[in-house]
Amino acid sequence: MTSSELASMLSRFAEIEGRHPRILIAAASHDEERLLKSVATLFADGGFDVDIAPAMSDEASIARQVIDCDADILALIRLKAEGHDRVRVADLISSLDAQGAEYVQFGIIGDPEDPARDNVDFVFDVNHFATGDIGALMRFLLLVEESRMKPGAKNTR
C-alpha cells in the first residue's frame with residue numbers, strides 16, 4: 001500500500017462522509033493499555049481521526065463513546081482471549097447494538113486466532129500491524145460506506 005493509494009481512499013471517504021474516517025481505540029484489559037498510544041499513532045499517521053477510550057472503560061461506556069465521537073470504527077486491543085478481560089467482545093457487540101451503533105465496524109487488534117474473530121468485522125495481528133493493514137481496513141470501510149449510499153441499502157452487522 002503506497003501512501004498515494006491510502007490518500008486516494010481517504011479522499012474518497014471524505015467525499016462520501018464530509019470528514020476523515022474516525023476510529024475509537026479501546027483496551028480489553030489493563031495489560032493492553034500500554035499499546036494504546038502506538039496503535040493510535042499508527043492510525044493517526046494513516047490519516048484517521050483517532051479517539052481513545054479512557055482507562056478502565058466498560059462495554060457500555062465504550063459503546064456510548066462510539067456514539068459521542070461519531071466513530072466509524074471501533075478497535076479493541078485484545079492480546080489474550082482468557083476471560084480476564086474487563087471488556088468482553090460479545091458484551092461490547094450487545095452494547096453497540098443496544099445503543100443503535102450496529103453500523104460501526106468493530107474489530108480486534110491482537111491474536112489473529114482470537115476465538116471471537118468470527119463475530120467481528122476485522123482482526124489485525126498486533127505483531128505485524130502496519131500501514132498496510134490500515135489500507136486494507138480503509139478499503140473495507142469504503143466498501144461499507146459506498147454500499148450505504150445505494151438506494152434501499154441496509155447496513156447491519
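**Notebook: salt bridges and one buried valine**

I began with R117 and E113, whose side chains meet in a salt bridge at 3.9 Å, N to O, a salt bridge being a side-chain nitrogen of Lys or Arg within 4 Å of a carboxyl oxygen of Asp or Glu. Before going further I noted that this is a predicted model, in which local features need pLDDT of at least 70 and side-chain atom pairs count only at pLDDT 80 or more, while totals for chains, interfaces and linings use all residues. I also noted that residues are numbered from 1 along each chain as its sequence is written, and that side-chain values use heavy atoms, with hydrogens and water left out.

For accessibility I took buried as under 20% relative accessible area, exposed as over 50% and partly exposed as in between, with a 1.4 Å probe and protein chains only. R117 has 34% relative accessibility and therefore counts as partly exposed, whereas E113, at 53%, counts as exposed.

**Whole-structure search**

I searched the whole structure and found 10 salt bridges. One of them joins the side chains of R22 and D49 at 3.5 Å, N to O. This pair links distant parts of the chain, since R22 belongs to strand β1 (residues 22–27) and D49 to strand β2 (residues 49–52), 27 residues apart; strands here are DSSP runs of E with at least two residues, helices are runs of H or I with at least four, and both are numbered from the N terminus. I looked up the accessibility of each partner: R22 is buried because its value is 18%, and D49 is partly exposed because its value is 29%. I then followed the connections outward and recorded a network of salt bridges that links R19, R22, D49, D70 and D72.

**D114 and R78**

Next I checked D114 and R78, whose side chains form a salt bridge at 2.7 Å, N to O. D114 sits in the loop between β4 (105–110) and β5 (122–125) and R78 in strand β3 (residues 73–78), so the pair ties together parts that are 36 residues apart in sequence. I entered both D114 and R78 as buried.

**V66**

Which helix holds V66? I located V66 in helix α3 (residues 59–68), and I entered V66 as buried because its relative accessibility is 0%. Setting aside neighbours within four places in sequence, I listed L24, A71, L74, L96, A101 and V104 as in contact with V66, where contact means heavy atoms within 4.5 Å. I also noted that the C-alpha atoms of V66 and M56, 10 residues apart along the chain, are separated by 16 Å.
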